[in-house]
Amino acid sequence: MTHKDPSPRGGEANSYYHPNQAQQPWGGNQEQPESLPSPPNVPLPVNTNMTYAQAAFPQNAFPYPDDSPIHEQPPPVYIPSTPIKPEKSDKLSFKEAFLIEKPKWNDIWASVLFSLVSIGFLIVSGFAFSGYKHDKHDAKPDTISLNSNIIIIL
Amino acid sequence: MAFMLSLMYFLTVRYATKLVIYITAFMQVVMGFVTSIIYFARHSYAAAVIFLLLTIFYVFCFFSWRKKIPFSVLMLQTVIDVSKKYGNSFVVSAAGGLVATIFSIYFAVTLVGIYAMYHPGGTACGKDGENCGKAKVAMLIIFITFAAFWITEVIKNIIHVTVSGVYGSWYFCSRKPSGFPKGATTGAFKRAITYSFGSISFGSLVVAIMQFFRQLCTLVQVGEQAEGNAVGAFLGRFLGCFISLLEWLIEFINEYAFSYMALYGKAYIPAAKVRLFLSCPCI
């Protein structure tokens with residue numbers, strides 16, 4: 001049975017599930033790490049001296065004939081968006097850090113059922129509380145009553 | 001007094017973690033042997049042998065777990081440090097505990113009030129005993145007991161989802177340039193009571209049903225035992241144990257499913273499937 005990729009889309013946790021998409025290590029401007037034990041590092045490319053562009057498209061990938069005066073130099077190599085050293089950005093909110101692309105109210109039926117049960121409980125407890133009310137003249141030795149002292153004891 | 005003792009234990013666990021683990025294990029073994037000796041002295045040989053075997057089994061388990069103690073020490077210290085650094089998790093836990101305590105008192109008062117009103121001779125009974133009766137009392141008690149189980153589970157799991165949001169934020173974001181997200185506790189709590197509230201209710205409902213049936217089995221077992229029906233009592237106890245196992249399994253799934261829900265906003269079934277996949281990749 002195949003299992004769908006459980007990794008979320010977007011959000012800070014994406015690099016945890018897709019380590020190949022990890023960014024280059026930070027430079028000297030990185031904020032000093034906290035004294036707490038760090039979460040595990042995502043795996044990084046072995047040869048960090050090369051950019052992704054150089055690894056994917058070496059200089060001699062597109063050779064041209066020597067006698068062509070027009071193409072004396074190789075054409076510019078396609079450079080995908082190079083990883084830039086990230087600068088310290090403004091703090092994200094929790095909603096932005098764990099972004100849900102299309103937020104929706106999950107399992108609404110359960111919340112409706114829970115609300116109905118809770119309302120039912122409140123109604124029954126309302127009737128139960130009315131049973132604690134007694135006139136002084138009707139008080140019997142075995143009568144159960146509720147006042148502030150009883151609540152404090154409870 | 002309880003608060004001070006809890007605080008002292010908390011600080012002791014943080015600063016003498018390894019010692020606490022070894023002392024706890026040692027005390028567990030000692031208490032097991034002492035209990036077994038007491039049962040032997042009282043000539044309750046069956047209970048004595050059971051406790052002795054369980055204690056010996058625990059000693060064997062402890063020696064096999066010893067190599068994992070340094071990891072446990074690191075995990076405990078890290079968890080405590082995160083909770084100290086982002087102290088809102090304490091506030092959430094304390095507030096949730098207070099709400100749960102107030103609710104339990106409210107439930108107790110309601111339970112007694114129902115009995116006082118509707119039992120034969122109660123305050124709601126008419127002249128000929130109409131409007132009350134044992135069946136009515138039983139139905140109402142069953143309903144409010146089930147409702148109380150569910151409401152208590154929902155309160156507990158809302159706290160769990162909120163605190164999971166805090167720890168998840170630390171785990172995934174504390175080393176990022178943007179750092180720990182602002183308003184993590186509030187954001188996680190908002191998500192718990194809005195988008196994920198239905199999923200929390202669903203997961204809590206499953207546990208509440210298990211707890212309710214386990215309670216019914218206990219009542220059946222006690223009732224059969226009082227009537228001298230050994231077979232009925234045994235069946236009630238056996239079924240109660242089986243339901244307890246199911247309840248443990250569902251809570252095991254829920255614990256991580258709710259944490260997954262806190263960060264990614266998934267519904268209950270997909271989050272539970274992810275949890276099962278983590279445990280059993282063959283699924």
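Modeller: Helices here are DSSP runs of at least four residues, numbered from the N terminus. This is a predicted model, and in it B:Asn157 sits in helix 6 of chain B, residues 134-173.

Biologist: Is B:Asn157 buried or exposed?

Modeller: Buried means under 20% relative accessible area. B:Asn157 has 5%, so it counts as buried.

Biologist: Which residues is B:Asn157 in contact with, leaving aside its neighbours within four places in sequence?

Modeller: Those residues are B:Ile200, B:Ser204 and B:Phe258. B:Ile200 also appears among the residues that touch the most other members of the largest nonpolar core.

Biologist: How many residues are in that largest nonpolar core, and which touch the most other members?

Modeller: The core has 62 residues, and A:Phe98, A:Phe121, B:Ile114, B:Tyr118, B:Trp150 and B:Ile200 touch the most others. Elements giving two or more residues to this core include helix 4 (108-130) of chain A and helix 8 (197-226) of chain B. Helix 6 of chain B gives the most, with 18 residues.

Biologist: Which residues make the nonpolar surface patch of about 670 Å²?

Modeller: The patch is made by B:Leu239, B:Phe242, B:Leu246, B:Trp248, B:Leu249, B:Phe252 and B:Tyr256. Of these, B:Phe252 lies in helix 9 of chain B, residues 230-264. A residue between the buried and exposed limits is called partly exposed, and B:Phe252 falls there with a relative accessible area of 31%.

Biologist: Where is B:Arg42, and why does B:Arg42 count as exposed?

Modeller: B:Arg42 is in the loop between helix 2 (17-41) and helix 3 (45-65) of chain B. Exposed means over 50%, and B:Arg42 counts as exposed because its relative accessibility is 65%. Its C-alpha atom is separated by 48 Å from that of B:Ser201, 159 residues apart along the chain.

Definitions and conventions:
Residues are numbered from 1 along each chain as its sequence is written. Chains are lettered from A and ligands numbered from 1 in the order in which they are written. This is a predicted model: local features need pLDDT of at least 70, side-chain atom pairs count only at pLDDT 80 or more; totals for chains, interfaces and linings use all residues. Side-chain values use heavy atoms; hydrogens and water are left out. Patches are made of residues with over 30% relative accessible area and no salt bridge: like charges are joined within 9 Å, nonpolar side chains (Val, Leu, Ile, Met, Phe, Trp, Tyr) within 5 Å. Accessible areas come from the Shrake-Rupley method with a 1.4 Å probe; for residues, only the protein chains shown count as cover. A salt bridge is a side-chain nitrogen of Lys or Arg within 4 Å of a carboxyl oxygen of Asp or Glu. Buried means under 20% relative accessible area, exposed over 50%, partly exposed in between (1.4 Å probe, protein chains only). Contact means heavy atoms within 4.5 Å. A nonpolar core is a set of buried Ala, Val, Leu, Ile, Met, Phe, Trp, Tyr and Cys residues joined through side-chain atoms within 4.5 Å.
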